[in-house]
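Q: Hi! Could you walk me through this model while I have it open?

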Amino acid sequence: MKPSISYIIRYSARAKSVRLRVSMQNGVEVIVPQGYDTIHIPAFVQEQAEWIYSAQQRLQEKMQRHKQKLHAFHDATAGYPCTEPSLPEETIVPQRRTLILPTELIIRTLDEVWLVIYQPSKHESITLTMSTVDKQLVLSGAVHKKRLCAQALATWVKRYAAHWLPRMAREISVEIGLPCADIRVRLQKTRWGSCSSHRNINLNASLLFLPEELTRYVIIHELCHTKVMNHSKEFWQLVGEKEPDYKRLDKALNPATQLVPTWLMM
Ligand SMILES: [Zn+2]
């Protein structure tokens, strides 16, 4: 059991999310956006405990080096009016963003909404139970461990996507007359899909969170790559044949990134 961390809360008009700052002057500060519900702060600080301890340690070491420098400085400038080297002020923010867990998953591609229920118990791990009839995902166990919950949900999303996306792609493949080899599903940060020179297609599991027409467009786009590997005029012509509205759909893909929940990529 680690000692509890004391901290001060500072409201900032400019802050967009919760941040932590450790400095010699003020200790641990939690900087929160205006109007932020302080009820979340104790859990946030607890979650970042490891980071706070190591930041404090780094600061101590920096302070030691500063003291040594100060001595050397005084030796060198004895008798002269001068300003001292400034006090180290380490302002570091944790890399991790606050993790907000969902109460429902909006699977737009399949037009489904799944309810997420968290049931705390004494178990150290998380068990996810899926009820297809009433579209419920029940997470039980150490549900206070947010990262574990996010991992369990992400695993479920990946499996669900691995079940549905290849089926959808096979149907479209037959419909537009462009066969492909293997269809794989992965959770990726940067791409919606890809196509290899062996005509294997990779689809991003997070496509499930996109409207059906966009997922369909990504699949058509990748299937067209089985014929033309680049983004040449010839390629777009083929895409246009298979999906006349492709320009609008292609444009809509970028902003659609916002529909993918952030916990999925943590
Ligand atoms: Zn492409």
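Q: Which helix has the lowest mean pLDDT, and which the highest?
A: Among the elements of the protein, helix α2 (residues 49-77) has the lowest mean pLDDT at 71, and helix α5 (residues 233-242) has the highest at 98. Here pLDDT is the predictor's confidence in each residue, from 0 to 100, while helices (H or I, at least four residues) and strands (E, at least two) are DSSP runs numbered from the N terminus.

Q: So what am I looking at, and how are residues numbered?
A: This is a predicted model, where local features need pLDDT of at least 70, side-chain atom pairs count only at pLDDT 80 or more, and totals for chains, interfaces and linings use all residues. Residues are numbered from 1 along each chain as its sequence is written.

Q: What's the mean pLDDT of the protein?
A: The mean is 86, with 88% of residues reaching 70 or more.

Q: And where does pLDDT stay under 50?
A: Over residues 77-88, for which the model has 11 contacts beyond four places in sequence. Two residues are in contact if their C-beta atoms, placed from the backbone, lie within 7 Å.

Q: Switching topic: how many helices and strands are there?
A: The protein has 6 helices and 10 strands.

Q: What's the strand order in the open sheet of 3 strands?
A: The order is β8-β10-β9, with mixed pairing. Two strands pair if DSSP finds at least two bridges between them.

Q: Why is one side of β8 and of β9 left without a neighbour in the sheet?
A: Because β8 (183-186) and β9 (193-195) stand at the edges, each with a single partner strand. Neighbouring strands of this sheet are turned by 15° against each other on average, direction ignored.

Q: How do β8 and β10 run, parallel or antiparallel?
A: They run parallel, and 4 bridges join β8 to β10 (residues 201-204). Arg186 stands opposite Asn204 in β10.

Q: Which strands do helices α3 and α4 touch?
A: Helix α3 (residues 146-176) packs on the sheet, touching β8 and β10, and its direction makes about 150° with that of β8. Helix α4 (residues 212-225) also packs there, touching β9 and β10, at about 15° to the direction of β9. Axes are lines fitted to C-alpha atoms, for helices over the stretch in contact, and angles run from 0 to 180 degrees between N-to-C directions.

Q: One more: what about β4 and β5?
A: β4 (residues 104-107) and β5 (residues 112-120) run antiparallel, joined by 4 bridges. Glu104 stands opposite Leu115 in β5. Their hairpin has 4 residues between the strands, and Asp111 takes a positive phi near 55°.
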